[in-house]
Amino acid sequence: MRCGRWCGTAGAGSSLPAGGGGFGAGCAAGAAAAAAPAPKEPRLPALPHFWKWRVKLQRPGNSILPTFVTTTFVIEAMAAANAQLRWKRMENLKEEEDDDSSTASDSDVLIRDNYERAEKRPILSVQKRGSPNPFEITDRVEMGQMASMFFNKVGVNLFYFCIIVYLYGDLAIYAAAVPFSLMQVTCSAAGNDSCGVEADTKYNDTDRCWGPLRRVDAYRIYLAIFTLLLGPFTFFDVQKTKYLQILTSLMRWIAFAVMIVLALVRIGHGQGEGHPPLADFSGVRNLFGVCVYSFMCQHSLPSLITPVSSKRHLTRLVFLDYVLILAFYGLLSFTAIFCFRGDSLMDMYTLNFARCDVVHLAAVRFFLGLFPVFTISTNFPIIAVTLRNNWKTLFHREGGTYPWVVDRVVFPTITLVPPVLVAFCTHDLESLVGITGAYAGTGIQYVIPAFLVYHCRRDTQLAFGCGVSNKHRSPFRHTFWVGFVLLWAFSCFIFVTANIVLSETKL
């Protein structure tokens, strides 16, 4: 789950927006933060090219296993971080009490302690037995804070570098997706304004859009408008987006449900165009990157897990969540495979429903065709502000402050310009998703959780001894699983790199 997307405020120093999600699964906001994530905006990269029905049934299922393993790793690291923070607070409190006792007489301390205990003791405290478990997850500890607790300086810098690259990829995908959707819906070689996407028609960037303007020109005009409208938010803070994110999550669920129903109706009427073979391994190498990007949620777990009141069956709940998301992806992908021909399926899956022969109602066509515009436009400023804050955190030195020009001009500029330049040069969403997922996404989803759990286990054993057990310890507690995850991450890296090299050499 990339696990839905971003609710709440992108505060300074936060590693990623509060509440994860997007394409894989949207993360709920506020009180809904503990609920099952909602899917991200559909940007399935030409699924039938590689998710042929038998291969597709196995490969995403296999991808969920290491993803679920690393999810339990992050939960265990969160519990260990809470235990360390709780231990440090107790130590600080003890030091303060020792300092106070050294400046007051024994009788004064006794009278004051008795009074404070009487005032602070809960009325029903006599009914509570035993001390709370130190590994209870009560504080929201973001991945950046966990990295600072368990990694050395080099590891922390590598963590922030990985997060920054991932966010740059996210912004580039979003900056390309919105103008691309607008171009596809508004440009038509046939000149039919109500159907921006025609059946059995392949467009090139050099085809005419309006009069002398080419399609690529229209794309860049939309990109410029998109940048001018949403880019300035990068120079300010984005706050109180809870209800806006709830609205976009609702739109995602509606869009996914509508697409599944429309595809099933079309297949049921015998109008399905897809005839996939039993297996096709030609796209497996790109599938790894797409699966990583689709099931991404590790960076959002602190915002999702912490508000859950009862965490007794947390692992089981997360497992059921992954099963639900896999089933949802399977339903969406299977209907796509048999509803549309592989050679006609567009990178932005919603655009396949902007055809008049698929959807007769114009309002539904425009809603699905422009759906990425609505959802992505609300997320872009939040991700941009988060990336800017991560840049500040990476270069921050304790006790130091940035000059106004650096803080308000330089950091927002280096945040906004690179992804816009990438979107200006290409709108190949399949490649952008694959590269972002396989490189930066692999680091966040696999590598960082594996090293986090390895170091947190070592630190916990040193701090609390061998006899103390983490109540939220991953069921995959053997060191073998850490190696397995790292090996899987290396495989994703190799497959996507091979895909890029082979595509460039036309092999």
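Are Arg 457 and Glu 76 buried or exposed? Both Arg 457 and Glu 76 are buried. The model discussed here is a predicted one.

## Overall architecture

The protein contains 14 helices together with two strands. Of its 507 residues, 52% are buried. The area that the protein exposes is about 23,200 Å², and carbon and sulfur atoms supply 64% of that area.

Contacts in the protein with a separation of 6 or more are mainly long in sequence terms: 81% of them join residues 24 or more positions apart. Individual examples of such long-range pairs are given in the sections that follow.

## Salt bridges between distant parts of the chain

Side chains of opposite charge can pair when their charged atoms come close. A search of the whole structure yields ten salt bridges. One of them joins Arg 457 to Glu 76, with 2.8 Å between the closest N and O atoms. This pair links distant parts of the chain, since Arg 457 lies in helix H13 (residues 429-464) and Glu 76 in helix H1, 381 residues apart. As stated at the outset, both partners are buried.

A salt bridge also connects Glu 136 with Lys 471, where the closest N and O atoms are 2.5 Å apart. Here too the pair links distant parts of the chain, the two residues being 335 residues apart. Glu 136 belongs to the loop between helix H2 (106-120) and helix H3 (143-150), whereas Lys 471 belongs to the loop between H13 and helix H14 (479-505). Glu 136 has a relative accessible area of 26% and is therefore partly exposed. Lys 471 is likewise partly exposed, because its relative accessible area is 43%.

## A salt bridge between sequence neighbours

Asp 459 forms a salt bridge with Arg 458, and the closest N and O atoms of this pair are 3.9 Å apart. That value falls within the 4 Å cut-off for a salt bridge. What is the burial state of Asp 459? Asp 459 counts as buried because its relative accessibility is 17%, and the limit for this class is under 20%. Arg 458, with a relative accessible area of 42%, is partly exposed.

## The network around Arg 266

Which residues are linked with Arg 266 in a network of salt bridges? The network consists of Arg 266, Glu 273 and Arg 355. Arg 266 is placed in helix H6. Its relative accessibility is 7%, so Arg 266 counts as buried.

With neighbours within four places in sequence left aside, Arg 266 is in contact with Gln 271, Gly 272, Glu 273, Cys 339, Arg 355, Asp 357 and Val 358. Both of its network partners, Glu 273 and Arg 355, thus appear among these contacts.

## Gln 84 and Thr 241

Gln 84 is located in helix H1 and counts as buried, because its relative accessibility is 13%. Apart from neighbours within four places in sequence, its contacts are Met 149, Phe 150, Asp 459 and Phe 464. Gln 84 and Phe 464 are 380 residues apart in sequence, while their C-alpha atoms are 9.3 Å apart in space. Asp 459, also in this contact list, is the residue that forms a salt bridge with Arg 458.

Thr 241 occupies the loop between helix H5 (215-230) and helix H6 (242-268). With a relative accessible area of 6%, Thr 241 is buried. Thr 241 and Asn 379 are separated by 138 residues in sequence and by 9.6 Å in space, C-alpha to C-alpha.

## Surface patches

Which residues gather in a patch of negative charge on the surface? The patch comprises Glu 91, Glu 95, Glu 96 and Glu 97. Glu 97 is part of helix H1 (residues 53-102). A relative accessibility of 47% is the reason why Glu 97 counts as partly exposed.

A nonpolar surface patch of about 440 Å² is formed by Trp 404, Val 405, Val 409, Val 410 and Ile 414. Among them, Val 410 is found in helix H12 (residues 404-425). Val 410 is partly exposed, because its relative accessible area is 35%. This value is over the 30% relative accessible area that patch residues must have.

Definitions and conventions: Residues numbered from 1 in each chain as written. Predicted model: local features only at pLDDT ≥ 70, side-chain atom pairs only at ≥ 80, totals over all residues. Heavy atoms only, no water. Patch = residues over 30% accessible without salt bridge, like charges linked within 9 Å, V, L, I, M, F, W, Y side chains within 5 Å. Areas by Shrake-Rupley, 256 points an atom, 1.4 Å probe, with all protein chains shown as cover. Salt bridge = Lys/Arg side-chain N within 4 Å of Asp/Glu carboxyl O. Lys, Arg positive; Asp, Glu negative; His and termini not counted. Charge placed at Lys NZ, Arg CZ, Asp CG, Glu CD. Helix = DSSP H or I, 4+ residues; strand = E, 2+ residues; numbered from the N terminus. Buried < 20%, exposed > 50% of the residue type's maximum accessible area, 1.4 Å probe, protein only. Contact = heavy atoms within 4.5 Å.
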